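Trainee: Could we go through this model together, one question at a time? I would like to see how each answer is reached.

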Amino acid sequence: MKINFPTDSDGYLSQECPSCAQRFKVRFGEGSEEPISFCPYCGNKGHDCWYTQDQVEYIQAVSTGVVLSPELKKLEHEMKKASGGFLKIDMKTDLPQVGAPPMETDDALDVLRFPCCNETIKVTRYDRHFCIICGKEMDMAATDAKKVFLSHKGIDKDKVSDFRNTLQLLGYDPWLDEDAMPAGTPLERGLLQGMKDSCGVVFFITPSFKDEGYLETEINYAIQEKRAKGERFAIITLQFVDAEGNVGEIPELLKTYVWKKPKTSLEALREIVRALPIAHNLVDWREGIDGVVTVPKIKSTSTELSAEATAILKVAASGDGHIMCHKSFGGQTIQVGGKQMIPDQSPRIVALWVGGVEDLQRRRYIMDVGHKGEIFQVTREGYEAADTIPDEETRQQRAEQPH
Ligand SMILES: [Zn+2]
Ligand SMILES: [Zn+2]
């Protein structure tokens, strides 16, 4: 027996934790092949316990219909036969009518990817999350710390600005110590926060640099971060060489870490890119380093409503807000304000209009008030949307207007 559930526009299906009752969404058939074993919110461990109440009810209704119904029908038939005109037993099988499966709405959730198990989910974001496959706890503050701290005390500012611009172009988020601090921020606190938000620090040591303790605070903070974050934080020291082969002095505190002696700026850039624990472009944690990747919010809300969905919403919002769907041997009807919206019963046309209703439901513009996929009501969001969608005439007028 196969049960199909509609997903949201991005292909995700809601799941619910039986312990904390919070919802999250997963994409079946993608990512990890292991079953969901942990709640991303509370870390509750369990198997096959993640269906929502609505989904469980639907599964029960379908399985009753599929498994039980033929048995009852058979019984009904046999009893009729046995009555043989003498004793009439009229048995009507009274089964719960299987309504529409629960619709998956496009909720404003955050997308998180767990590189540990290659699993992507949607959640309401908190400070901590658990991987739904392996249960590993993820600290979101550490996960978000992807800035690259550029210490520019040991180098002239033009050169470090060049690095900043190039790194930015590559997709990194470089942070130039004093520049990034709003005026009035106490220097040390600003530096500390900058380090905390970063996954690495680059110390530029130019030939003129003498270790006179200028960098002491920054180096101390960097070492502190390195101890706290381990692989998630890189200390990158670049010792620049001038034409005469002169180099600056590596500060005492940094000598316990490896430093590089790039001959050119490009080589320096390569050293930075290579040493950072984040991969560029993707802004994803490298393999073997745990962390959650946050991806931009769902794309679905920006996609345009179909012409059919727009028409249904417009008519419903201007009338009593009701939409009636009915399927019978005569075909499919979608009645709005006493008007049948489906112009003809060709399968293609019917599919477009039924899809329009689903689309509206997914966006929460209409609500299934009867829970059977038959009677819908326009929601507050639906009325708002109807007001902002230009109607057909305005659209055509706009198209005709010369630019
Ligand atoms: Zn939970
Ligand atoms: Zn995992």
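Trainee: In β10, which residue is the bridge partner of Phe204?

Mentor: Keep in mind that this is a predicted model. Strand β9 (residues 198-205) is joined by six bridges to strand β10 (residues 234-239), and the two run parallel. Within this pairing, the bridge partner of Phe204 in β10 is Leu238.

Trainee: Through which helix does the chain cross from β9 to β10, and what is the handedness of the crossover?

Mentor: After β9 the chain passes through helix α6 (residues 216-229) before it enters β10, which makes a β-α-β crossover. The helix is therefore α6, and, going clockwise with the strands pointing away from the viewer, the crossover from β9 to β10 counts as right-handed.

Trainee: Which residue of β9 stands opposite Leu150?

Mentor: Strand β7 (residues 147-151) pairs with β9 in the parallel sense, over five bridges. Along this pairing Lys147 stands opposite Ser198, while the residue of β9 opposite Leu150 is Val202.

Trainee: Which residues of β7 are buried on each of its sides?

Mentor: In a regular strand the side chains alternate between the two faces of the sheet. Strand β7 is mostly covered, with five of its five residues buried, and both of its faces are covered. On one side the buried residues are Lys147, Phe149 and Ser151, and on the other they are Val148 and Leu150.

Trainee: Which residue of β8 stands opposite Phe149?

Mentor: Besides its pairing with β9, β7 pairs with strand β8 (residues 173-176) in the parallel sense, over four bridges. The residue of β8 that stands opposite Phe149 is Trp175.

Trainee: Which element gives the most residues to the largest nonpolar core?

Mentor: In soluble globular proteins, nonpolar side chains tend to be buried together. The largest nonpolar core here has 32 residues, of which Val148, Val201, Val202 and Leu238 touch the most other members. Several elements each supply at least two residues of this core, among them β7, α3 (157-169), α5 (187-196) and α7 (265-275), but the element that gives the most, with six residues, is β9.

Trainee: Which residues does Val202 touch, not counting those up to four places away in sequence?

Mentor: Val202 belongs to β9, a strand in which eight of eight residues are buried. Leaving out residues up to four places away in sequence, those it touches are Val148, Leu150, Ser151, Ile236, Leu238 and Ile272.

Trainee: Which strands stand at the edges of the open sheet of five strands?

Mentor: The order of this sheet is β17-β16-β15-β19-β18, with antiparallel pairing. Inside it, β15 and β19 pair over three bridges, and Ile323 stands opposite Phe376 in β19. Each edge strand has a single partner strand, so one side is left without a neighbour in the sheet, and these edge strands are β17 (339-340) and β18 (366-368).

Trainee: At about what angle to β16 does α8 run?

Mentor: Helix α8 (residues 307-318) has twelve residues and spans 17 Å from its first C-alpha to its last, close to the 16 Å expected. Its buried residues, including Ile312 and Leu313, pack against several elements, among them β15 (322-328), β16 (331-336) and α9 (347-362). The helix lies across β15, β16, β17 and β19, and the angle at which α8 runs to β16 is about 45°.

Key:
Residues numbered from 1 in each chain as written. Chains lettered and ligands numbered in written order. Predicted model: local features only at pLDDT ≥ 70, side-chain atom pairs only at ≥ 80, totals over all residues. Buried ≥ 20, exposed ≤ 12 C-beta atoms within 10 Å, placed from the backbone. Pairing = 2+ DSSP bridges. Core = buried A, V, L, I, M, F, W, Y, C linked by C-beta atoms within 7 Å. Contact = placed C-beta atoms within 7 Å. Expected span 1.5 Å × (residues − 1). Axes fitted to C-alpha atoms, helices over the stretch in contact; angles between N-to-C directions.
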